[in-house]
Structures are given as structure tokens and as C-alpha cells.
Amino acid sequence: MKIYVNYNDKRWRKYKINFEKIALAAVMGNRPDSEVSIILTNDKEIHKINREYRNIDKPTNVLSFELGDDILLGDIYISLDTVLKEAKEENISLSDHTAHMVVHGMLHLQGYDHIKEKDAEVMENKETEILKGMNIKNPYASDYNACKNSSCCPGNKFFSWLHSLRIRENSIWQYLIMFLLGAIASLGFAPFHIWWATLVAIAAAYKISICGTNRSSLVKTFLQILPFSAAYAISMFWWVVNSIYVVPELAAQFAVWTLPALIGIGIVGGIIFAIPFVVIRRMCTFPACRAFLFAAIWVLILWLREWLFTGFPWNPLSNILMPFPVLANSMSLWGALGSSFVIIGLLASIAELIGNHKDKTVWGTFCIFIVLSILGVGYGYKNIHLAKNVDVDSPIIRIVQPARSAVQKATHSREEALKNATENVKFLINLASASGNIDLVVFPETSYPFIVLDGDDMPISVALNNNIIIGTNFYSSGNLYNSMIFATPDGEIQKIYSKSHLVPFGEYRPFGDIIPTPGQLSKGNGPELISINVHNKNFTFVPAICYEIIFSDSLVPSGKQPDAVINITNDTWFGNTPGTYQHLDMVRRYAIESGLPIVRANYSGISAFITSYGTIISEIPVGKSGYMDGVIGGAHFTLYREIGRDGWIVIILLFSCICTISLYALKKQR
């Protein structure tokens, strides 16, 4: 066989590679009269060819053009820029990687292909066999066999087993495994708290993503990641559709939306959570830099979730730390975003070490995230002890949890509605009337069943002869609000706070009447600091209704220091599903970030007294009627509250850029 080598880029000459010998080693059968041209080029030329003949607008490592002739087999184009970059990323020599490209191209010209999984296995086995004859290791095992002993890299045994399954890109097995990993990744959150499952699943999805080719189109890349991200979203948020079935009358109207809602969660959540994986899959960069890029994009997506479509920042990855108070209190330093950044960066750097353990820059990335972890633990430990040493001068507060079913609260005819409302008021009064020297009684969201108008009094506070905070609907100037009111023992309503962060599809219609919505409420004026006098004790708190408390920086006016947060909510809609427990963890997260204790009154559970470092002092479980008394204290400023969520996202992104640029420069010098 005749091999013609054309040096379109003269830089190739300095590497002294015997292309003829490599190409001849890849000849299948007897082809003495055949001819092959090997064109040694660069990214600029191969990019142009790739765009013109394959409609792919980017450079690649090798292109083969089979002529379909027994004599003139075809042409092989190899780009020095891409091959050099890939060789550095994979920690192999340029000559070995180039030999792989030549063998790969030669097999294409002789009829081999890798479009179908079965054909790809045949072609890869043939490449491996040819390269082995030239003392070049298996290129498809480099990521997994770099450690001869599974103990040298964390998780290597798992990834070696995963690779042994011979899972091909775009195969049904790849999609199924990614879907399973996405579902497993949700198990680290409440009520399961299987934190290690989340870590392993995300690390595995990351490893599968970076081991795939980056030559797929953007759409195809998204589709490869989508099974993981969609399963992750559905597994975390499926409980939202439980609200459809709580009230029989609503179930009859809204049940048809169950499947569309789940599909919508999968599509929207799938796109959002896929972005970090797609970015690292599509961008060619060094492993050390890739870990920083992945972590930075992940937390940027978390930050954007707080704004997208009114925001839904549910279950930041940092919430898997809740079983470990010192670790969880790292959020008092840099918030949920910062803690998530450290977790993701640490996971990605460990995954990069598997197969790149000889790369000092990857070890550098790993060490940076270890140092950040230590800083977080140190500050978390300090935050807990600081909160415990703050003097407590709190009123005695009683939380009431009615736990009446939605059917007992539901309205049917006008007569039944009035009867139910009257019975519910009596039930609240009886429940809250237990003996005790109480300064303030807190009832949950929407627990007062009548609409309050301007100038009304509050009969429940009169009946109890006590100060109360209670959730109700407030009507004023043609607008209906979801509100929290404070009333004195004589029934006077002194303060009214109305919810400003409304729930789409639950409290207002984001798309008009296209999708039916139970209510159409008006927004309140936003964060507010309320000071009240209860039995000669001054008490200052910030109000939060329902999921307003899950938004960082959403409640406390800048520079103010209240004694506590009072959060009234109604999780009846979600019953005994993961959503109820996750909501409580979101409240605990807010306590840690803000350094404020929280009084949480939930209509159906879980009601709780929560310390300013996120620990639950006492609680009433889901579905149980009852009350509990307690005091709260330990309010203090945290560094997170001083800098704020937006300040920290800027710091995180700048830090990532500086580290990435520094590691990239160090890698280039080597």
C-alpha cells in the first residue's frame, strides 16, 4: 500500500512521527496497490472542512473521507491543535494519540464504523488490537485504568465497573443509567437524607458526561444529559402535584393536569439541571479547570432559579448537609450557594482525579476545595457557639397546629361554609386555651376562615385574652391578600402583613385563564420589620408566609436585626410527602444563613421552634393536632447576611475565574 503524507501545517514535522508505519499497521487484508493520503493540518482548516461536508461548525481531531474505490481508499485529515489539546487533557503523549487517530481513520476508509453500538464495539476492539501491537495502551480504557489499584482513587472501583458494562453513547443503556442516577441523586434530601447517594450519583453523571465525545451537536448533547436532569427534577418535585388531590372538588377539576404537570417538571427541571453538564461536555478545557467551571455553572443556575418565573430555589445541594450541624452551618459563611459550590467542586475534582491522578493541577483543584471545606467547617463551628452564647430574652410563645383536613375546611354550599368556618374557629380557640403563662399565640397560614376587612376586630384574641398572630385572607380596596395579622387581647388588629411572593398557579394566574388556578390574590409590599409589645416585652420579628422563607435575602431589611422570623404556612396541600420535610429544611437553612431563630406554625405540620443555627428545638409532626410552648433567642449577624446572596455569587464567580486562569496558565507552562 502507498501512503502519502501531506504537511499542510509545518508544525507537524517537529514531532518525527512515522505515519507510514502506523498506517500500514492498520491495513486489513492484502492491499498492495491501494493508496491513502494523510493530510496533517490544523483546527482552522479542519473546522472549515467539517462545516462544509458534515454541517458541524467546529473543529475536530480527525476526519476520514472514503472514496469507495479499491485503489484510492480516501483521505485522512488530522488537526494538530485538537490532537495536542486532547493529548494534554488525557495525559498521554502526542505520538500515541496521533497513532490512534491514524488507526481510527484507516479503519474508516476500510469500511469500519461506530454509528451503531455493535459496530462501534467491533471497531474499538480492532483499534485496541492494532495499537497494542505498537505498544500503545488501550485509548478507551485510559480514564479508568490509570489507577492499577482501585484504592488509589476514590470511587475507582465503581467507575471501572461502570466502564466494564461497555455502555455506548446514545444507547438505551446510557439513557437508562443516567435516568437512574438522576432519581438516586434526589435521595440526599429530606426525608431520606441518604447524602452519599446524591454525591455518588452526581459524580457518576459527571464522569459519564466528560468521558463522552464533544463532537455531538448541542441538541444531542442536551438529550444525552436530559434523562439524568429530568429524573432529578421529577424525583425532587413530584409532590407538587399532590396538591391536586387534597380537596375532592379541586381534584375533579384539576386531575387532568397531573401528567402534563409531571412532564412540565421534567422538561423545565431537566433543561435547568442539564446546563452544567452540557457546558463541561461541550467546552474543551483541562480537567483541573473543568471542575471549577462545573461548580461555578451549577451555582449560577441555582442563583438564576431564584429569579426565573418568580423563582423556585428549592433544594440547593447544600441541604444534604442538614444531618451534620457543623457542616450545615458553613452556610452562615457563604450561604447555600457557597456550600453547594464547595460540594460540587469537591465532587468534580475527585471525579477528575480518577484517570488524572498524575496531573498536579488536578490535585491543586482538589486541594483548593478541601481548603474551602475546612474554612466552612471552621466558620460553622464558630457560628454554632456564637449563637449559643447570645442572651435569650424572649416572650413565651405558643404555636398552634390545627391539622384539620382540607375537607373539614372546604366550602360547599354557603350554609356549610359558614358552619365549617364557625366550627374551625371554636376548634382553634379550644386548642390554644390550654393553661400556661403565654405571651403570644401563633396560628398558621389561612387558619382564620373568615375574610378580614379594614376596621375589623379579631374575636379569637378576645376569646383567648391574649396577643395572637394568625393567618387569614384580608380584603382592602378591591384586592384580596394572603395575610398575617397581629391582634391584641382586646381584639384590635394592630399589624397586617400581606404576602408578596405569591405561588404561581396556586395564588395567581401567570397565564391568565389558559391554565385554571384556584385563586387570584394581590401582592403585598414586600419585606417588613414588625415591632410589638407583648406583656411589657418588646419583640421585633420579620414575617414570612409560606414559601417566602425559601428565598435568600428575601425577608430582613438591610442592616436590621430582628429577634426572630415568624413563619406561618399551610402544607396541607402536600400531606406526608417529601415536600413537607424539604420545606422544613429550607426553613432551617434560612435560620443558618440569617442567624435568626424561627417560629414556624404550620397548619398540618411540621410546626417547630428552630434555633439561629438551624437546630429544631421542638416540633409537632405531620397530621397531628396540638400546640407547643417555647422561647427563642440567639439572633446574631452572619457574614452571609452581611455580604448577601448577590454579593456571594459575584465572589464565587470571580474566584472561579481566577483559579481557572491560574491553573490553565500553570498547565500550559508544563
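**Figure 1. Overall view of the predicted chain, with 22 helices and 17 strands.** Helices (H or I, at least four residues) and strands (E, at least two) are DSSP runs, numbered from the N terminus. The model is predicted, and local features therefore need pLDDT of at least 70, side-chain atom pairs count only at pLDDT 80 or more, and totals for chains, interfaces and linings use all residues. Residues are numbered from 1 along each chain as its sequence is written, and side-chain values use heavy atoms, with hydrogens and water left out. Along the principal axes, the C-alpha atoms occupy a box of roughly 105 × 55 × 40 Å. Of the 670 residues, 53% count as buried (under 20% relative accessible area, with exposed meaning over 50% and partly exposed in between; 1.4 Å probe, protein chains only). Among contacts (heavy atoms within 4.5 Å) with a separation of 6 or more, 68% are between residues 24 or more positions apart.

**Figure 2. Close-up of the open sheet β1-β2-β4-β3.** The four strands follow that order, and their pairing is mixed; two strands pair if DSSP finds at least two bridges between them. The edges are formed by β1 (2-7) and β3 (62-66), each with a single partner strand, so one side of each has no neighbour in the sheet. From one strand to the next the twist averages 15°; axes are lines fitted to C-alpha atoms, for helices over the stretch in contact, and angles run from 0 to 180 degrees between N-to-C directions. Seven bridges link β2 (residues 35-41) with β4 (residues 72-79) in the parallel sense, and Ile 39 has Tyr 77 of β4 as its bridge partner. Helix α3 (residues 80-89) packs on this sheet, where it touches β2 and β4, and its direction makes about 60° with that of β4. Helix α4 (residues 94-109) also packs on the sheet, touching β2, β3 and β4, and the direction of α4 makes about 150° with that of β4.

**Figure 3. Close-up of the packing of helix α8 (residues 172-185) on helix α9 (residues 195-211).** The axes of the two helices are 8 Å apart and meet at an angle of about 150°. This angle makes α8 roughly antiparallel to α9 (angles under 35 degrees count as roughly parallel, over 145 as roughly antiparallel, 65 to 115 as roughly perpendicular and the rest as oblique). The crossing of α8 and α9 is left-handed, a term used if the near helix is turned anticlockwise from the far one by less than a right angle. On the α8 side the contact is made by Gln 174, Ile 177, Met 178, Leu 181, Ile 184 and Ala 185; the residues of α9 include Ala 201, Ala 205 and Ile 208. By class, the contact has 11 nonpolar, three polar and no charged residues (Ala, Val, Leu, Ile, Met, Phe, Trp, Tyr, Cys and Pro count as nonpolar, Asp, Glu, Lys and Arg as charged, and the others, Gly among them, as polar).

**Figure 4. Close-up of strand β8 (residues 467-476) and its partner strands.** Eight of the 10 residues of β8 are buried, so the strand is largely enclosed by the rest of the structure. Strand β6 (residues 440-442) runs parallel to β8 and is joined to it by three bridges, with Leu 440 paired to Asn 467. Strand β7 (residues 452-453) is also parallel to β8, over two bridges, and Leu 453 stands opposite Tyr 475. Tyr 475 in turn has Leu 480 of β9 as a bridge partner. Strand β9 (residues 479-487) runs antiparallel to β8 through nine bridges. In the hairpin of β8 and β9, two residues lie between the strands, and Ser 477 adopts a positive phi near 50°.

**Figure 5. Close-up of the six-stranded open sheet β11-β12-β13-β14-β15-β16.** The pairing in this sheet is mixed. Its edge strands, β11 (530-534) and β16 (616-620), each pair on one side only, and the twist averages 20° from one strand to the next. Five bridges hold β11 antiparallel to β12 (residues 537-545), with Asn 533 facing Asn 538 as bridge partner. Helix α20 (residues 578-594) lies across β13 (564-569), β14, β15 and β16, and runs at about 160° to β14.

**Figure 6. Close-up of Ile 606, in the loop between β14 (598-602) and β15 (607-610).** Ile 606 is buried, with a relative accessible area of 3%. Beyond its neighbours within four places in sequence, Ile 606 contacts Gln 401, Thr 580, Tyr 581, Leu 584, Arg 600, Glu 619, Ile 620 and Val 622. The C-alpha atoms of Ile 606 and Lys 2 are separated by 78 Å, the two residues being 604 residues apart along the chain.
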